Amino acid sequence: IRCRRNFHDGCGWSALPPAALRFGQWLPDRGPDAADTPPAPQNSQVNVPAPEVKTQPEVEEAKQENKPPEEDVYKEAYQNYLQGEFEKARQNFSKYLELYPNSKNAGNAQYWIGECFYSQKKYREAILAFFEVIKKYPKGNKVAAAYLKQGMSFMELGDKENAKNSFTKIITEYKNSDEAKIAAEKIAEIK
């Protein structure tokens, strides 16, 4: 096969494996006058099938095949919390979020991670966990509670200003909630 074009589509060169083109293993007959002809340019189009790559949904689907039921994971984590097994509960709520990040209970699971830290007196970690509830799940049903527990965590660390800011946020944005009533009491304690 002889080819004098710059791009070797449809002329036989496309059947060559890429290694043959790269390393000069010229399989087609180039003819007697082609001895001094330089090899084809490296930017030649070669029709080599792409390797099969799974898309993100396919990867997620494959993971889901081995998932435990969503409700079971959440219930186990919550039972761990109620039994005072805070580290185990936190790990199970984290597992729940890893397996079901878009679940309707994802915000609640994140909140309970904060509660686990708070119960272990790990107030800095609790503050960060409650912040994740506020940031990732702003429309969730645990946002006011997250602000309250975040404020309480700041109080435990002696950070009155940030505690007051958290409590004030509840009072202004969730004024009719039970958390707002508790926040008002906590602000009174700060003075």
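**Exercise 1. How are α5 and α6 oriented to each other in this predicted model?**

Solution. Begin with the description to use: two packed helices are described by the angle between their axes and the distance between the axes. In this model, α5 packs with helix α6 (residues 123-136) at an angle of about 165 degrees, and their axes are 7 Å apart. Angles over 145 degrees count as roughly antiparallel, so α5 and α6 are roughly antiparallel to each other. For the handedness, α5 passes α6 in a left-handed crossing. To find the contact in your viewer, pick out the residues on each side. On α5 they include Gly107, Gln110, Tyr111, Gly114, Glu115 and Tyr118. On α6, look for Tyr123, Ala126, Ala129, Phe130 and Val133, among others.

**Exercise 2. Take Glu115, one of the contact residues of α5. Is Glu115 buried or exposed, and which residues does Glu115 touch?**

Solution. Glu115 is placed in helix α5. Its relative accessibility is 6%, and buried means under 20%, so Glu115 counts as buried. Leaving out residues up to four places away in sequence, Glu115 touches Tyr81, Phe130 and Lys149. Follow Lys149 next: its charged end sits over the ring of Tyr118, 4.2 Å from the ring centre.

**Exercise 3. Classify the ring pair of Tyr74 and Phe93, and say which helices hold the two residues.**

Solution. A pair of aromatic rings is described by the distance of the centres and the angle of the planes. A search of the whole structure finds nine aromatic pairs. In the pair of Tyr74 and Phe93, the ring centres are 5.5 Å apart and the planes stand at 70 degrees, so the pair is edge-to-face. Now place the partners: Tyr74 is in helix α3 (residues 70-82) and Phe93 is in helix α4 (residues 86-99), so the pair ties together parts 19 residues apart in sequence. Tyr74 and Phe93 are both buried.

**Exercise 4. Do the same for Tyr78 and Trp112, then ask which cluster the two rings belong to.**

Solution. The ring centres of Tyr78 and Trp112 lie 5.2 Å apart with the planes at 70 degrees, so this pair is edge-to-face. The pair links distant parts of the chain, with Tyr78 in helix α3 and Trp112 in helix α5 (residues 106-119), 34 residues apart. For accessibility, take each partner in turn. Tyr78 has 29% relative accessibility and so counts as partly exposed. Trp112, at 13%, counts as buried. Finally, follow the ring pairs outward: they link Tyr78, Tyr81, Phe86, Tyr111, Trp112 and Phe130 into a cluster.

**Exercise 5. Where is Glu185 found, and how far apart are Glu185 and Phe167 in sequence and in space?**

Solution. Glu185 is in helix α9 (residues 178-190). With a relative accessible area of 51%, against a limit of over 50% for exposed residues, Glu185 is exposed. Glu185 and Phe167 are 18 residues apart in sequence, and their C-alpha atoms are 9.3 Å apart in space.

**Exercise 6. What does the secondary structure of the protein chain come to, and what share of its residues is buried?**

Solution. Count the elements: the protein chain has nine helices and zero strands. Reading from the N terminus, the order is α-α-α-α-α-α-α-α-α. Of the 191 residues in the protein chain, 36% are buried. To close, turn to the contacts: among those between residues at least 6 apart in sequence, 48% join residues at least 24 apart.

Methods: Residues numbered from 1 in each chain as written. Predicted model: local features only at pLDDT ≥ 70, side-chain atom pairs only at ≥ 80, totals over all residues. Heavy atoms only, no water. Phe/Tyr/Trp six-rings, centres within 6.5 Å; stacked < 30°, edge-to-face > 60°. Helix = DSSP H or I, 4+ residues; strand = E, 2+ residues; numbered from the N terminus. Buried < 20%, exposed > 50% of the residue type's maximum accessible area, 1.4 Å probe, protein only. Lys NZ or Arg CZ within 6 Å of the ring centre and 35° of its normal. Axes fitted to C-alpha atoms, helices over the stretch in contact; angles between N-to-C directions. Parallel < 35°, antiparallel > 145°, perpendicular 65-115°, else oblique. Left-handed = near helix turned anticlockwise from the far one by under 90°. Contact = heavy atoms within 4.5 Å.
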